[in-house]
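Q: Hello! I am new to this structure and would like to learn how to read it. Could we look at it together?

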Amino acid sequence: MAYAEDWGELVFNLNCLSKRTAKKQFREDIRYSWGGMCAYCRNQRATTLDHLKPRSRGGSSLRSNLIPACTDCNHSKGSESWLCWYQQQEFYSEVAKELIEEWIANKRYETEKLNERHINTIDRTKVCPAAC
């Protein structure tokens with residue numbers, strides 16, 4: 001296991017990474033979460049990340065505001081609202097819209113955490129007979 005030599009290194013999944021490598025892994029993880037495909041058109045490989053709420057309008061670079069997009073979709077959307085832009089596209093899909101909204105709300109993460117808690121509470125609530 002590597003130890004951080006200076007503050008320029010970050011920890012990601014318990015691996016010591018440089019800031020540049022951590023950022024690259026962060027971006028790859030987002031693309032991987034969507035199967036490497038553009039979250040909008042689902043036809044092309046995602047080569048960029050799009051800010052759902054554009055940075056020019058106060059959007060952050062948090063995971064919930066970043067979505068994988070192909071170059072065509074990212075440039076076409078520009079600094080428009082993602083929903084207004086997406087509903088005007090010929091490849092618009094209600095299912096994809098719902099998936100993007102879940103991503104924004106981070107519901108998948110919350111559901112996984114609830115499932116983990118449920119599994120753990122089942123194990124902890126077993127009643128054992130008292131030893132006499």
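A: Happily! Let's begin with burial: a residue is called buried when its relative accessible area is under 20%, exposed when that is over 50%, and partly exposed in between. This is a predicted model, and 25% of the chain's 132 residues count as buried.

Q: What pattern does the chain follow along its sequence?

A: Reading along the sequence, you meet β-β-α-β-β-α-α-α-α. The chain has 5 helices and 4 strands.

Q: How should I read a salt bridge, and how many does the structure hold?

A: Look for a side-chain nitrogen of Lys or Arg within 4 Å of a carboxyl oxygen of Asp or Glu. The structure holds 4 salt bridges. One of them joins Lys77 and Asp50, at 3.3 Å from N to O. Lys77 sits in helix α2 and Asp50 in strand β3, so this pair ties together parts that are 27 residues apart in sequence.

Q: Are Lys77 and Asp50 buried or exposed?

A: Lys77 counts as buried because its relative accessibility is 1%. Asp50 is also buried, at 3%.

Q: Which residues are joined into one network by salt bridges that share partners?

A: Take the bridges of Lys97 one by one. With Glu94, the closest N and O atoms are 3.4 Å apart; these two residues both lie in helix α4, 3 residues apart. With Glu101, the N to O distance is 3.5 Å, and the two are 4 residues apart in helix α4, about one helical turn. Shared partners thus join Glu94, Lys97 and Glu101 into one network. Lys97 is buried at 12%, while Glu94 is partly exposed at 38% and Glu101 is partly exposed at 31%.

Q: How do I read aromatic pairs, and what is the count here?

A: Check whether two ring centres lie within 6.5 Å, then compare the planes: over 60 degrees apart counts as edge-to-face. The count comes to 8 aromatic pairs. For Tyr40 and Trp85, the centres are 5.0 Å apart and the planes are at 75°, so the pair is edge-to-face. Tyr40 lies in the loop between α1 and β3 and Trp85 in helix α3, so the pair ties together parts 45 residues apart in sequence. Tyr40 is buried at 1%, and Trp85 is buried at 2%. Both belong to one aromatic cluster with Trp82, Tyr86, Phe91 and Tyr92.

Q: Which residues form the positive surface patch?

A: That patch is made of Lys19, Lys23, Arg27 and Arg55. Lys23 lies in helix α1 and is exposed, with a relative accessible area of 54%.

Key:
Residues are numbered from 1 along each chain as its sequence is written. This is a predicted model: local features need pLDDT of at least 70, side-chain atom pairs count only at pLDDT 80 or more; totals for chains, interfaces and linings use all residues. Side-chain values use heavy atoms; hydrogens and water are left out. Patches are made of residues with over 30% relative accessible area and no salt bridge: like charges are joined within 9 Å, nonpolar side chains (Val, Leu, Ile, Met, Phe, Trp, Tyr) within 5 Å. Accessible areas come from the Shrake-Rupley method with a 1.4 Å probe; for residues, only the protein chains shown count as cover. Lys and Arg count as positive and Asp and Glu as negative; His and the chain ends are not counted. The place of a charge is taken as NZ of Lys, CZ of Arg, CG of Asp or CD of Glu. Buried means under 20% relative accessible area, exposed over 50%, partly exposed in between (1.4 Å probe, protein chains only). Rings of Phe, Tyr and Trp (its six-membered ring) pair if their centres lie within 6.5 Å; planes under 30 degrees apart count as stacked, over 60 as edge-to-face and the rest as tilted.
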